[in-house]
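Let's walk through this structure together, strand by strand. Keep the sequence at hand and turn the model as you read.

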Amino acid sequence: MCLATVYKESDDSVIFKNVAKIEVDGNKLTLRDIMGDEKIVEGRILMVDLANSIVKLACE
């Protein structure tokens, strides 16, 4: 199973952990973890590193 930690690119702060699914709708990103909890952020995906389970976002 590939679970990711999502980071804010500007300061490398953690936005959400154990992310199993990311849905993209324009600049709206819905992050969903393995427990079904979700967080919605505005931004864009800059990088996905599947080998290290890292996603970096550009967001406010």
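Start with strands S1 and S2, which run antiparallel and are joined by four bridges. Within this pair, Tyr7 stands opposite Val14 in S2. The hairpin that S1 and S2 form has four residues between the strands, and there Asp12 takes a positive phi near 60°. Please bear in mind throughout that you are looking at a predicted model.

Follow the chain onward and you meet the next pairing: S2 and S3 are antiparallel too, with six bridges joining them. Here Val24 has Leu29 in S3 as its bridge partner. The turn between these strands has two residues, and in this hairpin Gly26 is the one with a positive phi, near 65°.

Leu29 also leads you across to the next strand, since its bridge partner in S4 is Val41. Strand S3 covers residues 28-33 and strand S4 covers residues 38-49; the two pair in the antiparallel sense over five bridges.

Now step back and look at the whole sheet. Five strands make a closed barrel in the order S1-S2-S3-S4-S5, and the pairing is mixed. On average, neighbouring strands of this sheet are turned by 65° against each other, direction ignored.

For a look at a buried position, find Val55 in strand S5, which spans residues 54-59. Is Val55 buried or exposed? Its relative accessibility is 4%, and because the limit for a buried residue is under 20%, Val55 counts as buried. Val55 and Tyr7, the residue you met opposite Val14, are 48 residues apart in sequence, yet their C-alpha atoms are 6.2 Å apart in space. Leaving aside neighbours within four places in sequence, Val55 is in contact with Ala4, Thr5, Val6 and Tyr7, and also with Ile22, Ile45, Met47 and Val48.

Two of those contacts, Ile45 and Val48, turn up again on the outside: together with Val24 and Leu50 they make a nonpolar surface patch of about 360 Å². Leu50 lies in the loop between S4 and S5. At 60% relative accessibility, Leu50 counts as exposed, because it is over the 50% limit.

Charged side chains come next. How many salt bridges does the structure hold? There are four. In one of them, the side chains of Asp12 and Lys56 meet at 2.9 Å, N to O. This pair links distant parts of the chain, 44 residues apart: Asp12 sits in the loop between strand S1 (4-8) and strand S2 (13-25), while Lys56 belongs to strand S5. Asp12 is partly exposed, with a relative accessible area of 42%, and Lys56 is partly exposed as well, at 23%. Asp12 is also the residue with the positive phi in the hairpin of S1 and S2.

Finally, turn to Arg32. Its side chain meets that of Glu23 in a salt bridge of 3.2 Å, N to O. Arg32 also forms a salt bridge with Glu38, where the closest N and O atoms are 2.5 Å apart. Salt bridges that share partners join Lys21, Glu23, Arg32 and Glu38 into one network. Glu23 counts as partly exposed, at 33% relative accessibility. Arg32 is partly exposed at 23%, and Glu38 is partly exposed with a relative accessible area of 42%.

Methods
Residues numbered from 1 in each chain as written. Predicted model: local features only at pLDDT ≥ 70, side-chain atom pairs only at ≥ 80, totals over all residues. Heavy atoms only, no water. Pairing = 2+ DSSP bridges. Axes fitted to C-alpha atoms, helices over the stretch in contact; angles between N-to-C directions. Buried < 20%, exposed > 50% of the residue type's maximum accessible area, 1.4 Å probe, protein only. Contact = heavy atoms within 4.5 Å. Patch = residues over 30% accessible without salt bridge, like charges linked within 9 Å, V, L, I, M, F, W, Y side chains within 5 Å. Areas by Shrake-Rupley, 256 points an atom, 1.4 Å probe, with all protein chains shown as cover.
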